[in-house]
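Here is a short report on one chain. It starts with the surface, then turns to the fold, the main pocket, the charged pairs and one aromatic residue.

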Amino acid sequence: MKRFSTILLSAVLLSTLFATAQAPQMPKPGAELKNLNFYLGSWKETGDMKPGAMGPGGKFAGTNRGEWMQGGFYLVVHSQGTSPTGKESALSIYGYDTDKKVYTYDEFNSSGSPIHATGTFDGKVWTWTGDMVVGGQPIKSHFILTETSATSYEFKLEMSQDGTNFATVMDGKGTKAAGAAAKK
């Protein structure tokens, strides 16, 4: 009887260990990612490009549509629009780097110029800082987006060749399309 009890206890312990090993706990998105909910849904953008390294300058307009990737760790935004240089499209992926404590932004666009930036958020203002190549030259950039309400924002893109003297090369506004409130 004692041998049977020992075997039964061993079997229970092994099955518990096996069940625990078979059911790993999936990670959960951190609280910081909830701030990206602002970008959800469909948005319309309009603005001005200043003449310079990015092109001749003039008006631009476009749309952005943001949705969470399954799992809730990355926000995916599809963009389309027109600018003084023609039609454009982009795929952007927003996330959060828990080790570095910064938001991440990666864009792949129809001009063939990928963009990587890191960002901070102070409750109203998003500041994205990155490096890109424009006309074969390395450029530092700041993209500053200010949430003016739950359904609107203003933004500006600043660039610098020396990383110190920044000039505004683009500015504009965005408005959330009616009924575009997508939930996470």
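The chain exposes about 11,600 Å², and carbon and sulfur atoms supply 59% of that area. The model is a predicted one. Of the 184 residues of the chain, 34% count as buried.

**Fold**

The chain has one helix and 10 strands. Along the sequence, the order is α-β-β-β-β-β-β-β-β-β-β. The helix, α1, covers 2–22, and a loop runs between α1 and β1. Among contacts with a separation of 6 or more, 36% join residues 24 or more positions apart.

**Largest pocket**

The largest pocket has a volume of about 1,300 Å³. Its lining counts 49 residues, and the closest to the centre are E88, Y105, E107, I115 and M170. Which strand gives the most to this lining? Strand β2, residues 58–68, does, with seven residues. By class, the lining of the largest pocket has 23 nonpolar, 21 polar and five charged residues.

**Salt bridges**

Side chains of opposite charge can pair when their charged atoms come close. The structure holds five salt bridges. The table lists some of them, with the N to O distance for each.

| Lys | Acid | Distance, N to O |
|---|---|---|
| K59 | D48 | 2.9 Å |
| K50 | D171 | 3.3 Å |
| K156 | E158 | 3.2 Å |

Take the bridge between K59 and D48. K59 lies in strand β2 and D48 in strand β1 (residues 41–49), so the pair ties together parts that are 11 residues apart in sequence. How accessible is each partner, K59 and D48? K59 is exposed, because its relative accessibility is 63% and the cut-off for exposed is over 50%. D48 has a relative accessible area of 25% and is partly exposed.

K50 forms a salt bridge with D171. This pair links distant parts of the chain, 121 residues apart. K50 sits in the loop between β1 and β2, while D171 belongs to strand β10 (residues 167–176). K50 is partly exposed, with a relative accessible area of 30%. D171 also counts as partly exposed, at 26% relative accessibility.

The side chains of K156 and E158 meet in a further salt bridge. Is E158 buried or exposed? E158 is buried, because its relative accessible area is 14% and buried means under 20%. K156 is partly exposed, with a relative accessible area of 32%.

**F38 and its surroundings**

F38 lies in the loop between α1 and β1. At 11% relative accessibility, F38 counts as buried. What is F38 in contact with, leaving aside its neighbours within four places in sequence? The residues are W43, L145, E147, S149, A150, S152, Y153 and K176. One of these contacts, K176, is 138 residues from F38 in sequence. In space, the C-alpha atoms of F38 and K176 are 9.7 Å apart.

**In brief**

One helix and 10 strands make up the secondary structure listed for the chain. Strand β2 gives seven residues to the lining of the largest pocket, and K59 of β2 pairs with D48 of β1. The bridge from K50 to D171 joins the loop between β1 and β2 to strand β10. F38, in the loop between α1 and β1, is buried.

Terms used:
Residues numbered from 1 in each chain as written. Predicted model: local features only at pLDDT ≥ 70, side-chain atom pairs only at ≥ 80, totals over all residues. Heavy atoms only, no water. 1 Å grid on protein atoms, 1.4 Å probe; cavity = no way out; pocket = protein on both sides within 12 Å on 5 of 7 lines; lining within 4 Å. Points joined across faces, edges and corners; volume = space filled by probe spheres on them. Helix = DSSP H or I, 4+ residues; strand = E, 2+ residues; numbered from the N terminus. Nonpolar A, V, L, I, M, F, W, Y, C, P; charged D, E, K, R; others polar. Salt bridge = Lys/Arg side-chain N within 4 Å of Asp/Glu carboxyl O. Buried < 20%, exposed > 50% of the residue type's maximum accessible area, 1.4 Å probe, protein only. Contact = heavy atoms within 4.5 Å. Areas by Shrake-Rupley, 256 points an atom, 1.4 Å probe, with all protein chains shown as cover.
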